Structure formats: structure tokens, C-alpha cells
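These are my notebook entries on the structure shown below. I set down what I looked up, entry by entry.

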Amino acid sequence: MASNIKSAFIAAVMAGVIIAPVYGLQIVRSGMETHIEPEWDLVLIGMGLVFVFQAFVRPGLARLLSLRSGTFRMPVLNDKARRGSIMLLIAIALIFPFFTGRAEVDIATLVLIYIMLGLGLNIVVGFAGLLDLGFVGFYAVGAYTYALLYHWAGWGFWEALPMAGLMAGIFGYLLGFPVLRLRGDYLAIVTLGFGEIIRLLLINLYEYTGGPDGISGIPKPTVFGMPMARRAPEGETTFHDFMGWQFNNMDVIIYLYLMALALALVTLLVSSRVIRMPVGRAWEALREDEIACRSLGLNPTNIKLSAFTMGAVFAGFGGAFFAARQGLVNPESFTFLESALILAIVVLGGMGSQVGVILAAIILTVLPEVAREFAEYRMMIFGLVMVLMMMWRPQGLLPMKRPHVELK
Amino acid sequence: MPEFIPQLLQQFFNGLSLGAIYALIAIGYTMVYGIIGMINFAHGEIYMIGAYVGLVTLSAIGVSAGLPVALIILLMLIVAMLVTAVYGYAIEKVAYAPLRGGPRLVPLISAIGMSIFLQNWVAIGQGARDMAVPALITGALQVDIGDYTITAPYSRIMIILVTIVLMIMLHLYIKHSRLGRASRACSQDLRMANLLGIDTNKIISFTFVVGAMLAAVGGVLIALAIGKLNPFIGFLAGIKAFTAAVLGGIGSIPGAMLGGVLLGLAETFAAAYISSQYKDIVAFSLLVFILLFRPTGLLGKPEVEKV
């Protein structure tokens with residue numbers, strides 16, 4: 001107990017040193033100089049909390065965890081539960097937009113974009129075990145493919161969508177080809193480098209991409225060739241004229257939502273089929289033991305490349321849809337933080353678990369919208385959650401149950 | 001004398017002072033990687049926090065208090081080093097130590113979370129906007145060569161001098177002290193060192209502390225030279241310093257110094273002779289190319305993958 005108190009005291013002093021220069025001593029500017037406005041309450045409160053936690057809560061917590069670790073388990077989904085929960089989620093998603101307001105549908109569309117991205121990255125990180133920190137680069141490629149094709153060639157969304165996926169896939173293939181022989185953490189850094197290079201190029205190729213301002217005025221997708229807008233361009237009929245409806249902005253939003261839902265479902269369907277195919281099995285095998293795979297005659301580079309490219313294609317689709325929904329693209333939307341957010345969705349959900357990814361995408365997108373008054377603290381808590389998740393549950397909220405055989 | 005030689009010298013000086021900063025940060029990456037094989041993604045944030053602590057110290061003393069400038073700078077450096085040492089120690093204990101021995105990607109993800117946390121920790125505490133740092137050292141050394149004048153601001157000369165002094169001290173410490181010897185043993189073989197009675201946990205903490213202190217010095221010096229800082233300067237600087245560490249050969253301390261200087265020079269020359277907008281692209285491309293063609297860097301030893 002005495003040693004406990006002593007170490008708690010040391011921890012409290014260290015907490016004081018950590019908090020004081022950031023929260024205790026505010027830098028205030030006065031004319032040409034700066035001075036300090038001390039505020040010791042926060043420092044003392046922080047120190048007190050750390051002391052209490054270290055001295056009393058933590059030993060108790062450890063005892064509690066060791067007592068319960070035998071009996072307490074978070075749910076692990078098996079095949080049947082997974083299928084059931086996915087069906088339920090789809091059913092809710094289908095009827096959802098007709099019962100809620102405009103803002104909710106808008107947020108739900110955003111959630112669906114993140115589900116699409118999360119499922120795409122899940123292939124790369126979750127199944128193939130390749131930590132890709134530059135995923136947002138492929139998202140950007142998709143978004144800019146549509147934006148540029150519209151801007152320079154006047155292409156519509158539906159013609160540009162396959163191109164966006166194709167371009168992102170080509171980028172993924174070309175970038176993946178040289179880097180995939182690198183080991184895990186080097187790969188992470190190189191992909192981060194690629195993501196940043198793509199963003200910096202978008203900023204600097206001013207003549208083509210509009211630089212930091214980006215490209216605006218990108219049209220929304222059409223419905224069977226008819227624009228969904230208040231007024232149609234020369235010689236075209238708008239969708240609501242064709243149907244004989246009044247124009248309603250809500251229709252456009254619901255239409256976008258349903259399209260996002262369709263894209264997300266395609267992503268879900270394709271990825272959940274692919275992981276049951278030989279190549280999907282090979283991804284997982286490779287993640288578990290690369291050397292064993294090589295000895296069994298699998299070609300690691302090709303297998304990794306297929307995962308990397310496929311993830312990139314989904315990111316490209318997501319990007320094109322993002323561009324259509326926003327109506328404008330600029331490099332600001334494709335920073336490293338976005339990559340970290342998508343990665344957090346995959347990690348929080350449980351790497352390799354599709355239901356988990358969907359759940360995490362909902363949590364991480366909806367929570368910040370609900371807790372608007374805490375917007376300031378959002379990113380800080382986000383970082384903290386990433387650290388804590390790695391400590392307590394590195395396998396994620398709803399990890400996937402893998403088919404396996406045990407010797408008894 | 002042709003015009004381009006003094007211009008070259010000017011760029012060389014600029015690159016050297018920038019590279020010195022990269023080298024100071026890169027040492028933290030390389031030492032940590034050398035011992036526990038993880039990329040401490042939050043290291044760039046330590047550099048940023050060092051700069052803030054320096055500014056807090058400066059503001060607490062007051063520029064016009066009448067203390068000699070050298071003493072003020074010394075105090076800033078010492079306080080920043082002490083505080084970031086605690087940061088480095090605590091980060092390792094909280095975010096990395098519990099994860100040791102698990103899969104390699106787990107601590108990396110935790111480090112990314114830590115990095116995001118620290119950026120916003122400071123952004124909320126001290127404000128997210130640019131903060132001006134009062135100019136302590138003004139003036140510049142000017143050397144005329146032919147028609148061209150080379151300008152070397154004293155604040156940048158100080159960066160180079162302080163860095164050289166610290167590098168020599170670090171080198172001697174690692175070479176001759178007990179802790180330094182132990183940390184070299186750990187970087188050769190962590191488990192073996194443990195079996196031979198070295199407290200490896202202590203050595204790992206020591207590595208984080210030393211790395212943090214050097215990064216803090218870099219932060220304080222660059223804040224004084226550039227005159228402004230914000231909570232998000234650590235990300236880019238951290239990535240670039242990591243590039244420097246990889247360039248020199250990750251795990252090798254002289255390699256980090258060399259890599260830092262080379263990266264600084266490459267960036268400055270790219271900015272001067274290609275386009276200043278492309279200097280970040282040059283740094284990132286360099287990172288990609290080294291990892292592709294010579295992942296062991298200039299002075300690193302190849303890593304053997306064992307079953």
C-alpha cells in the first residue's frame with residue numbers, strides 16, 4: 001500500500017508537469033510581447049484525479065478485471081448472427097429516409113460513404129493485414145476523376161463512376177506494385193507518403209485541379225438521364241417534370257441517400273463474397289503467416305496487390321459519389337486525418353468484421369453530430385479512444401468469428 | 001566570381017540549419033526504432049510541445065525583464081527538455097508499454113491515436129491558431145562574396161551550433177556511459193540484454209526521454225528562428241524527420257544525423273531551384289524512393305527476418 005501511494009504521488013507530480021504548460025499557464029499576447037496567465041485549478045484537479053486513479057482505482061480495477069476475465073466476454077458474432085444483423089441493418093436503412101427529416105438523411109448519407117470507405121479499407125487492413133495510411137489518396141483520385149472529367153470533358157456522374165473506380169484501381173495497382181514487398185510498418189509510412197504526395201500534387205497542379213480552391217459546380221447524379229434539379233439545362237426534361245411531381249429538395253436528398261445505400265450494399269456484397277473466394281482466403285492466410293504462405297506456393301506480391309487494388313477501387317467509387325454529393329472537391333477534404341478516421345472505423349469495428357465496420361462508421365459519424373457542443377473536444381477524444389481501444393480491445397468491438405477447428 | 005557559387009553557399013547554409021532540426025527530431029525516431037522496432041508516430045508532437053513549453057517559459061520570464069538573452073534561451077531549453085522528458089516517459093508508459101509483445105501494427109495505431117490526441121490537447125489548451133514568438137535574437141551575419149551577400153541570421157547559426165554540441169554530447173554519452181552502453185546492447189538484442197541483467201524497461205524509457213529532450217530543443221530553436229508556431233507543426237516535421245531517420249538508416253544514430261542534414265539540403269535546394277511549392281513533395285518522394293530501393297538507408301544494417 002505504501003509503495004502504491006508513493007508511485008501514485010510520483011504519477012501525480014508528473015501529471016502536474018504535463019498539464020501545467022498547456023492548461024495551467026495560458027499564453028496571452030499583449031502588444032509585441034506575450035505574458036502568462038496562470039490558472040492553477042485545472043492543474044491541481046488533474047493531479048488529484050491522477051493520484052486517486054493510481055492509488056485506489058487502478059488496483060481495484062485490476063482485481064475486478066482478473067476476477068471477471070474468466071466469465072465476462074464481449075459478444076463475438078458467428079455466421080448466423082452476422083447475417084441476421086446485416087439483414088436488419090439493411091431493412092432499417094431502406095425505410096429510414098421516409099420517416100425522418102432532412103438533416104438526418106443528410107447525415108445518414110455521410111455514414112454510408114464512410115461505410116463504403118470502411119469496407120474498402122477493411123479489405124486491405126482487416127483481411128490482408130496491410131496497414132494503409134494513405135487510403136484517402138485513392139478516395140481523392142476517385143473524387144477528382146469525376147470532377148475533372150466533368151470540368152474538362154463534360155461527363156456525367158454515371159459515365160464517370162466506372163472511370164473513377166478504374167482510375168483509383170490503376171493508382172492502387174501502380175503504387176502498390178513497388179511498395180508491397182515492404183514490411184508492415186514501412187508499408188504504412190510509404191502509403192502515408194503517397195497519400196500526402198497525391199494531396200500536394202492536387203494543390204500544386206493549379207492549372208488542372210484549381211489548386212486549393214478545387215473544382216466546384218459538380219452536378220448531382222441524374223436519374224435515367226434526367227437531371228434531378230429545379231430547372232433542366234436546355235433541351236432536357238427534369239425528373240420531376242417527367243413524373244409530374246412538384247420539385248422538392250427533399251427528393252434529391254433521399255435520392256442521394258438511396259444511391260449511397262446502393263453503392264454501400266454493392267461494396268458489402270462484393271467484399272463479403274470475395275473473402276470466401278480462394279483469393280480472400282489467401283489474404284487472410286498471408287496476414288497470419290507470410291513465410292508459411294510462400295512455402296505453400298502462394299505469390300505474396302500478387303495476393304497483396306489484389307487486396308490493395310480492390311480497396312482502392314472502392315475508395316474511388318466512394319470518392320466519385322462524395323464529389324457528386326458535395327458539388328465541389330478541394331484538397332482540404334483529403335488530409336491524413338481523413339485516413340486516420342477511416343482507419344479508426346476499421347479498427348474500432350474489429351479488423352475483418354463487416355458488421356463491426358458498419359457499426360463503427362455509424363458511431364464515429366453520428367456521435368460528433370449529436371455532441372455538437374463538445375465539437376472542440378471531438379478530435380482529442382477520438383485520439384484517446386484509438387489508444388484505449390488498442391489497450392483493451394485491439395480486436396475491435398465486434399470481432400469476426402473465424403471458422404476454426406480446435407484439438408480437444 | 002560567377003554568381004552561382006555564393007548562391008549555392010547561401011542555400012547550403014539554409015539547408016544545414018533546417019537539416020539540423022530534422023536531425024534532432026530524427027534521433028528520437030531512430031533510437032526508439034533501434035530498440036523496440038516501433039515507429040513512434042507521436043514523436044513529432046513532442047517537438048511541437050517542446051516549442052510551446054519554450055514559449056511559455058519565455059513569456060513567464062518576460063522579454064523585457066532584463067535577463068541576458070543567452071540565459072533566457074538556456075532556461076527555455078532546459079525547461080522544455082525537462083517537461084518533454086516527462087511527456088516522453090509518460091507516453092511510453094501509458095500508450096506503448098502495455099502493448100509490447102503484441103502484433104506490430106497495434107502500437108503503431110496507438111501511436112497515431114496519441115499523435116491526434118496531443119495535437120488537440122495543445123490546441124484546446126493554448127488555442128489552435130498561429131502564435132507569434134517574440135524575436136529574441138535579431139540580426140544576421142552578412143558575408144560579401146563578389147556582388148552577392150550571404151545572409152546568415154544569428155538564430156539559424158545558433159541552431160547549427162547547438163545541434164553540433166548536442167550531437168557530440170549524445171555521441172559521447174552513448175559511447176561511454178553505463179546507460180549508453182546498456183542501450184546499445186538493447187538495440188543489438190533486447191532479450192539477450194534482458195537475460196544479462198539489464199533492466200530493459202528502464203532503457204526503453206531512457207530512449208524515449210532522450211529522444212523527447214532532443215526534439216524539444218529542435219522545437220524551441222525553430223520557434224525562435226521562425227517566430228511563430230501552432231499545434232499542428234509536429235505532424236509534417238515528424239514525418240520529415242522520420243524520412244531523415246530512414247534515409248540515414250533507421251536504428252543508427254550517426255545515420256539520423258546524416259539523414260537529417262541531407263534531407264534539409266535536398267529540401268532547400270529543391271525549393272530554390274525547382275519550386276518552393278514542391279519541397280514537401282520532394283521530401284515525401286525521397287522517403288518513398290529510399291524505402292523502395294534501399295530500405296536499410298545509408299548507414300543501416302540489413303534486418304534479417306526470422307521465422
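Entry 1, cysteines. I began with Cys293(A) and found its relative accessible area to be 4%. Because the limit for a buried residue is under 20%, I recorded Cys293(A) as buried. I then looked up Cys186(B), which is likewise buried, with a relative accessible area of 1%. I also searched for disulfides, and the count over all chains came to zero. I note here that the model is a predicted one, and I read every value in these entries as computed.

Entry 2, chain A as a whole. I counted 16 helices and four strands in chain A. The chain has 408 residues, and 49% of them count as buried. For contacts between residues at least 6 apart in sequence, I noted that 74% join residues at least 24 apart. The accessible surface of chain A is about 20200 Å², and carbon and sulfur atoms contribute 67% of that area.

Entry 3, domains of chain A. I found chain A divided into domain 1, residues 2–58, and domain 2, residues 86–336. Taken over C-alpha atoms, the centres of these two domains of chain A are separated by 44 Å.

Entry 4, Leu200(A). I located Leu200(A) in helix H7 of chain A, which covers residues 184–204. Is Leu200(A) buried or exposed? Its relative accessibility is 10%, so I entered Leu200(A) as buried. I next asked which residues Leu200(A) touches, not counting those up to four places away in sequence. I found Asp280(B), Ile281(B) and Phe284(B). I also checked Leu200(A) against Pro212(A), which is 12 residues away along the chain; their C-alpha atoms are 9.5 Å apart.

Entry 5, chain B as a whole. I counted 11 helices and four strands in chain B. Its radius of gyration is 20 Å, close to the 19 Å that the globule rule gives for 307 residues, so I recorded chain B as being as compact as a globular protein of that length. Along the principal axes, the C-alpha trace of chain B spans about 65 × 45 × 35 Å. Of the 307 residues in chain B, 57% are buried. Among contacts in chain B with a separation of 6 or more, I noted that 77% are between residues 24 or more positions apart. The accessible surface of chain B amounts to about 12700 Å², with 65% of it belonging to carbon and sulfur atoms.

Entry 6, the hairpin in chain B. I examined strand S2 of chain B, residues 140–145, and strand S3 of chain B, residues 148–153. These strands run antiparallel and are joined by six bridges. Which residue in S3(B) stands opposite Leu141(B)? I found Ala152(B) in that place. Two residues lie between the strands of this hairpin, and I noted that Gly146(B) takes a positive phi near 60°.

Entry 7, Thr207(B). I located Thr207(B) in helix H8 of chain B, which covers residues 200–226. Its relative accessible area is 3%, and I recorded Thr207(B) as buried. Where does Thr207(B) make contact, leaving aside its neighbours within four places in sequence? I found contacts with Met31(B), Val32(B) and Ile35(B).

Conventions: Residues numbered from 1 in each chain as written. Chains lettered and ligands numbered in written order. Predicted model: local features only at pLDDT ≥ 70, side-chain atom pairs only at ≥ 80, totals over all residues. Heavy atoms only, no water. Pairing = 2+ DSSP bridges. Domains from an automatic or database assignment. Rg over C-alpha atoms; globule rule 2.2 N^0.38 Å. Buried < 20%, exposed > 50% of the residue type's maximum accessible area, 1.4 Å probe, protein only. Contact = heavy atoms within 4.5 Å. Areas by Shrake-Rupley, 256 points an atom, 1.4 Å probe, with all protein chains shown as cover. Disulfide = S-S within 2.5 Å.
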